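Hi,

Here is the model I promised to pass on. Have a look at it first, and then read my notes underneath.

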Amino acid sequence: MRDHPHADDTPHPDVWTGRATNRCQWLLALVGAACMALGIELAVDSAWTSGIAPLAMSVVGCIAAGLLVLFGTLAFVHVDLRLDKESLEVRCGHMGLPRRRIPLSHVAGADFTALVTPRQWGGWGYRWRPEKGTAVVVRRGEGIVLRLWDGHTFTITVDNAESAVRVIRARLRTVTPGPAT
């Protein structure tokens, strides 16, 4: 962690919140919406002379692909991190799904990482890699790496990650560790 002007003994807020946003995901969402529009256009304006089965498959395929891309990207436009005295909660996208709540009693430590990239994790979103652990990656940049008592890690991209790590470390001093359930 870089030198920071704040001392470790400065009081921290009762609830720390952070967020990371990826505006590029909106472009992918537009691609999904375009696929859906193409499917609807095919269904409405087609002469249906080429046969029902090929046209129906094209319409369903375009709409399904559009929905998948649209909702898949909108779910990871941003990530919200909420840290209170008992737990850390991660919520993705506008609906807050997927969501993960980690009690601080399950956290062994927290580290700041200056660079988390989608390439390291195989893309944007909620990711799992056996050799690395689990991550929520919505953009390239700084993040938090939580080391859990069960040996797993959980990485989150969030703005002002250094501040979050300081708050987590301060809270961990007052929490009794417990096994993950």
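Below are the notes on the core, one hairpin and two annotated segments.

A word on conventions: this is a predicted model, where local features need pLDDT of at least 70, side-chain atom pairs count only at pLDDT 80 or more, and totals for chains, interfaces and linings use all residues. Residues are numbered from 1 along each chain as its sequence is written, and side-chain values use heavy atoms, with hydrogens and water left out.

The largest nonpolar core (buried Ala, Val, Leu, Ile, Met, Phe, Trp, Tyr and Cys joined through side-chain atoms within 4.5 Å; buried is under 20% relative accessible area with a 1.4 Å probe, protein chains only) has 29 residues, and Leu88, Ile144 and Leu146 touch the most other members. Elements giving it two or more residues include strands S3 (87-92) and S8 (141-148) and helix H4 (161-172); helices (H or I, at least four residues) and strands (E, at least two) are DSSP runs, numbered from the N terminus. H4 supplies the largest share, six residues.

Leaving aside residues up to four places away in sequence, Leu88 has contacts (heavy atoms within 4.5 Å) that include Arg100, Leu146 and Ile168.

S3 pairs (at least two DSSP bridges) with S4 (residues 99-103), antiparallel, through five bridges. Arg91 has Arg99 as its bridge partner in S4. Six residues lie between these strands in the hairpin, where Gly93 takes a positive phi near 70°.

Finally, an unreviewed UniProt entry annotates residues 26-44 and 56-77 as "transmembrane region"; such annotations may be inferred rather than shown by experiment. In the model, residues 26-44 are 100% helix, with end C-alpha atoms 27 Å apart, while residues 56-77 are 86% helix, with ends 31 Å apart.

Best wishes

Notes:
Buried < 20%, exposed > 50% of the residue type's maximum accessible area, 1.4 Å probe, protein only.
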